[in-house]
Structures are given as C-alpha cells and as structure tokens.
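Here are a few notes to go with your first look at this one. Have the structure open beside you and follow along point by point.

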Amino acid sequence: MDQYMEMIIDMLNLCDWQMNKTSIVVDASKYIEELKQQVETLNQEIGTSEASTVENSLPVVTVETLEKGFLINVYLEKNCSGLLVSVLEAFEDLGLEVLDARVSCSDRFQLEAVGGDHIEGHADGIDAQVVKEAVLQAIKNVQDSEQ
C-alpha cells in the first residue's frame, strides 16, 4: 500500500510539474504576443512621425561670405527631382560661378558649394542674404511644382 501511495504522490507531483510547465509556456506565449503588438504599434508611430517630418521639414541653407564669393550649404531631408538644377540655375541668375561643389542627391539632398562672382554682366554687389533667399526660392519652386 505504501508503494501505491508513493506512486500516486509521484504522479501528482509529475502532474503538478507539467501543469506548471504548461502554464509557463502559455504565459510566455501571451507575453510574446503582447511584445509583438507593442513593436507593431511603435513601428506605425515611427512611420507616421517620419512621414510628417519629411513632409514638414524645412530646408537648411547657410551662406558664408568668403574673400571672393560664398560658401553655400544646403540640406533637405527629402530630395526632389530637379532640385540640383534649380539651385544651380539660381547661382547662374545671381552671376555666381560654381568653383567647387560636393553634392549628395540620394534620399536626402545635401550641397556644399563655393561660388565666386565671376560671370560677366552681373553686379558684384550681392551679399550672403541675397544668395540665401535665391536658393530658398529655387527650393520652394521645385517643391511647389512636385505638389
């Protein structure tokens, strides 16, 4: 009889252990599902945030006066078709000759250019603010034409 009692106790302990094991697996599974939902929610929020940031991002344009010309930096979060051409045309309209430039037009638009006022027939009296306004207007024109 003691032997049967020990077997019953062992079976009950085994049952209890398996119930605990099953409970742990079920709890872990539920927790993983909750985490997946949180990740999905965060990804959606990030996507919405990035979209609104790109749509509402303003261009960053800085113009520094050099001894003979300007150092022009342009940065936008989103590249637009025709943006480089438009900015270069703005330089030409101002009588600025591009002496050196670095450009990245992949997803973002980044331009660093040194412009000297060497094109004949244009006034030498332009200042950094005029250059900045011309570049901003060129960017605005391209962005408006895309919408």
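1. Before anything else, keep in mind that this is a predicted model. Let's begin with strand S3 (residues 97-104) and strand S4 (residues 109-116): they run antiparallel and are joined by 7 bridges. The two form a hairpin, with 4 residues between them. If you want a spot to zoom in on, arginine 102 stands opposite glutamate 112 in S4.

2. Now for the other strand pair. S1 and S2 also make an antiparallel pairing, over 7 bridges. Here, valine 63 has isoleucine 72 of S2 as its bridge partner. Remember that isoleucine, as it comes back below.

3. Put the strands together and you get an open sheet of 4 strands, in the order S1-S2-S4-S3, with antiparallel pairing. Which strands stand at the edges? Those are S1 and S3; each has a single partner strand, so one side of each has no neighbour in the sheet. On average, neighbouring strands are turned by 10 degrees against each other, ignoring direction.

4. Next, the helices. H2 lies across S2, S3 and S4, and runs at about 20 degrees to S4. Helix H2 (residues 83-94) also meets helix H3 (residues 128-146): their axes come within 9 Å and cross at roughly 145 degrees. That crossing is right-handed.

5. What makes the contact between the two helices? From H2 come Leu83, Ser86, Val87, Ala90, Phe91 and Leu94, while H3 brings Val130, Val131, Ala134, Val135, Ala138, Ile139 and Val142. Sorted by class, that contact has 12 nonpolar residues, 1 polar and no charged ones.

6. Then there's the largest nonpolar core, with 24 residues. Which of them touch the most other members? They are Ile72, Val74, Val131 and Val135. Strand S1 (60-66), strand S2 (69-76), H2, S4 and H3 each put in at least two residues, and H3 gives the largest share, 7 residues. As background, nonpolar side chains tend to be buried together in soluble globular proteins.

7. Last, back to isoleucine 72. Leaving out residues up to four places away in sequence, isoleucine 72 touches Thr62, Val63, Phe91, Leu96, Leu111, Glu112, Ala113, Gly115, Val131 and Val135. Some of these names have come up already: Phe91 is part of the H2 contact with H3, as are Val131 and Val135 on the H3 side, and Val63 is the bridge partner of isoleucine 72. I'd centre the view on this residue and work outwards.

Notes: Residues numbered from 1 in each chain as written. Predicted model: local features only at pLDDT ≥ 70, side-chain atom pairs only at ≥ 80, totals over all residues. Heavy atoms only, no water. Axes fitted to C-alpha atoms, helices over the stretch in contact; angles between N-to-C directions. Left-handed = near helix turned anticlockwise from the far one by under 90°. Contact = heavy atoms within 4.5 Å. Nonpolar A, V, L, I, M, F, W, Y, C, P; charged D, E, K, R; others polar. Pairing = 2+ DSSP bridges. Core = buried A, V, L, I, M, F, W, Y, C linked by side-chain atoms within 4.5 Å. Buried < 20%, exposed > 50% of the residue type's maximum accessible area, 1.4 Å probe, protein only.
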